[in-house]
Amino acid sequence: MKIVLNHLARMEGHANLVVDAVDGAIKECRLDVVESPRFFEEILKGRHYSDVAPIAARICGVCSVSHTLASLAATEHALGVAVSDQTRGLRQLLSHGENMQSHLLHLFFMAAPDYLGVSSLTELARDRRELVSRALRLKKTANDLVRVVGGRAVHPVTTCVGGFSVLPGAAELQEVRRNLVAALADLEETVALFADFDLLWMGRETEYICLRTEQAYPGLDGDLFSSEGVSCPVARFQTMISEYHQPHSNAKFARATRENFMVGPLARYKNAGEHLSSMAKKVAEALGLKRTSVNPFEANYARLVEVVHYLESSVHLIDDLLLKGLKLESVWVPPVAGKGVAAVEAPRGLLFHSYAYDENGRIESADCVIPTAQNLGNIEADLHHLAPSLLHLPRAEMTRHLEMLVRAYDPCISCSTHLMKVDFV
């Protein structure tokens with residue numbers, strides 16, 4: 001039996017899935033990333049530091065905040081800029097908002113249809129109108145948080161090297177806080193919805209990598225940490241994570257201690273779940289999600305747990321910022337030559353930006369390592385593991401299960417095809 005899916009639905013970008021089984025054994029199983037390379041690193045060359053983050057944000061329309069924050073932090077590392085506690089708090093709010101945006105989009109519009117027996121959530125707009133309305137309300141709440149802090153819901157415009165050019169108003173933040181608290185009722189219903197889903201099960205040991213500190217859930221700070229017991233500073237990430245090419249992919253793959261590894265919500269939950277908010281821990285318990293999980297399908301449970309964590313943490317961050325009072329800060333930065341590396345936890349996992357600047361503050365070289373590219377090897381390994389157990393199923397059912405596994409990673413394919421090395425001979 002050979003299954004060839006020339007377009008995987010309900011995920012960002014274009015990828016094909018090929019599974020070839022002969023006499024009950026898997027002969028070939030691969031994920032073809034066919035999205036065209038986009039060469040953002042080349043576009044950044046020669047750009048002044050003040051232009052770099054706004055350009056980097058355009059790498060992705062889903063994770064524009066994460067690319068912005070990673071870009072700013074890498075530039076600040078290169079230029080020797082230290083930011084204030086206020087800036088760190090506002091950037092953390094932005095990150096929380098985007099992670100909620102992305103997770104809610106995936107949970108309701110990408111993943112839920114598989115368990116509700118429909119091809120799209122819009123099919124339920126008439127028969128289960130409240131479910132669709134709940135999804136839209138929650139998504140709007142997350143959008144509003146990013147809009148108020150970042151200036152708009154996608155591609156923030158208020159952030160800059162050293163801080164913020166425009167601060168959110170106290171009244172706007174208070175309104176966002178009220179909406180976040182009001183959203184808890186919708187989240188409670190969402191937890192009940194996902195708890196009733198008959199989640200697929202598979203178990204495969206792998207390596208899990210994320211940022212980690214001793215104080216907080218992974219976000220914008222910390223060292224790299226692997227479930228294999230290995231850690232290193234972000235500035236030396238290339239000693240821990242190496243990229244490589246596969247002939248069937250326009251995106252690079254990656255390996256670390258093992259041949260493949262996972263980044264993203266399940267990796268963060270397994271490596272640092274003790275730092276979740278109190279409500280998020282209760283949701284994990286209600287869903288039956290354990291930190292010993294080796295089931296990639298449970299990444300959707302981890303996403304929902306994280307939404308609760310980000311919401312609760314955002315309320316506390318807003319309270320802290322309002323209590324201290326927001327003050328516009330000077331953000332002028334003199335250009336200097338230097339190199340900088342930064343990592344943030346994007347919705348799909350670790351995102352790295354690495355820059356070298358000349359003495360005029362212009363980019364000499366840039367490297368971006370994307371979460372989906374890091375996950376690709378693990379996705380293929382999971383497909384190899386799952387496919388043999390599905391061979392007894394009808395072709396359509398086997399295909400559905402394989403698609404669900406790929407979607408469990410919420411891959412961002414366009415984002416992953418960042419730069420290919422071309423050799424001319």
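Colleague: Let's start with Cys63: between which helices is its loop?
Modeller: Happy to, and please keep in mind that this is a predicted model. The place of Cys63 is in the loop that runs between two helices, H2 (49-56) and H3 (64-79).

Colleague: Is Cys63 buried or exposed?
Modeller: A residue counts as buried when its relative accessible area is under 20%. Cys63 has a relative accessible area of 4%, so by that cut-off Cys63 is buried.

Colleague: Which residues is Cys63 in contact with, leaving aside its neighbours within four places in sequence?
Modeller: Cys63 sits in the loop between H2 and H3, but its contacts include residues from elsewhere in the chain. With neighbours within four places in sequence left aside, the contacts of Cys63 are Glu98, Pro347 and Arg348.

Colleague: What separates the C-alpha atoms of Cys63 and Phe197?
Modeller: Along the chain, Cys63 and Phe197 are 134 residues apart. In space, the separation of their C-alpha atoms is 27 Å.

Colleague: How many aromatic pairs are there?
Modeller: A pair of aromatic rings is described by the distance of the centres and the angle of the planes. Ring centres have to lie within 6.5 Å to pair. By this rule the number of aromatic pairs is five.

Colleague: Of what kind is the pair of Tyr115 and Phe197, stacked or edge-to-face?
Modeller: The ring centres of Tyr115 and Phe197 are 5.1 Å apart, with 10° between the planes. Planes under 30 degrees apart count as stacked, so the pair of Tyr115 and Phe197 is stacked.

Colleague: How many residues apart in sequence are the parts that Tyr115 and Phe197 tie together?
Modeller: Tyr115 belongs to helix H4 (residues 85-116). Phe197 is found in the loop between helix H7 (184-195) and strand E6 (207-212), and Phe197 is buried, at a relative accessible area of 9%. The stacked pair therefore ties together parts whose distance in sequence is 82 residues.

Colleague: What is the angle between the planes of Tyr355 and Tyr357?
Modeller: Tyr355 and Tyr357 are both buried. Their rings form an edge-to-face pair, with 6.1 Å centre to centre and an angle between the planes of 90°.

Colleague: Which residues of helix H9 are buried?
Modeller: Helix H9 covers residues 278-287. Seen down the axis of H9, its buried residues fall within an arc of 100°, so they line one face of the helix. On the other side, Lys282, Glu285 and Ala286 are exposed. The buried residues of H9 are Ala280, Val283, Ala284 and Leu287.

Colleague: Which helices do the buried residues of H9 pack against?
Modeller: The buried residues, among them Val283 and Leu287, line one face of H9. Their packing partners are H7, helix H8 (265-272) and helix H10 (299-324).

Colleague: How far apart are the closest N and O atoms of Arg147 and Asp144?
Modeller: Side chains of opposite charge can pair when their charged atoms come close. Arg147 and Asp144 are three residues apart in helix H5 (residues 129-150), which separates them by about one helical turn. Arg147 is partly exposed at 38% relative accessible area, whereas Asp144 is buried at 12%. They form a salt bridge whose closest N and O atoms are apart by 3.5 Å.

Colleague: Which residue forms a salt bridge with Glu259?
Modeller: Glu259 is partly exposed, at 47% relative accessibility. Its partner is also partly exposed, at 27%, and lies over the face of Tyr244, at 3.9 Å from the ring centre. The closest N and O atoms of the salt bridge are 2.9 Å apart, and the partner of Glu259 is Arg255.

Colleague: Which residue meets Asp320 in a salt bridge?
Modeller: Asp320 is partly exposed, at 34% relative accessibility. Its partner is four residues apart from it in helix H10, or about one helical turn, and is exposed at 55%. With 3.4 Å from N to O, the partner of Asp320 is Lys324.

Colleague: In E3, what is the bridge partner of Val19?
Modeller: Strands E2 (residues 15-22) and E3 (residues 25-33) pair in the antiparallel sense over eight bridges. Their hairpin has two residues between the strands, and Asp23 takes a positive phi near 55° there. Across the pairing, the partner of Val19 is Cys29.

Technical notes. Residues are numbered from 1 along each chain as its sequence is written. This is a predicted model: local features need pLDDT of at least 70, side-chain atom pairs count only at pLDDT 80 or more; totals for chains, interfaces and linings use all residues. Side-chain values use heavy atoms; hydrogens and water are left out. Rings of Phe, Tyr and Trp (its six-membered ring) pair if their centres lie within 6.5 Å; planes under 30 degrees apart count as stacked, over 60 as edge-to-face and the rest as tilted. Buried means under 20% relative accessible area, exposed over 50%, partly exposed in between (1.4 Å probe, protein chains only). A charge sits over a ring if NZ of Lys or CZ of Arg is within 6 Å of the ring centre and within 35 degrees of the ring normal. The arc is that of the directions from the helix axis to the C-beta atoms. Contact means heavy atoms within 4.5 Å. A salt bridge is a side-chain nitrogen of Lys or Arg within 4 Å of a carboxyl oxygen of Asp or Glu. Two strands pair if DSSP finds at least two bridges between them.
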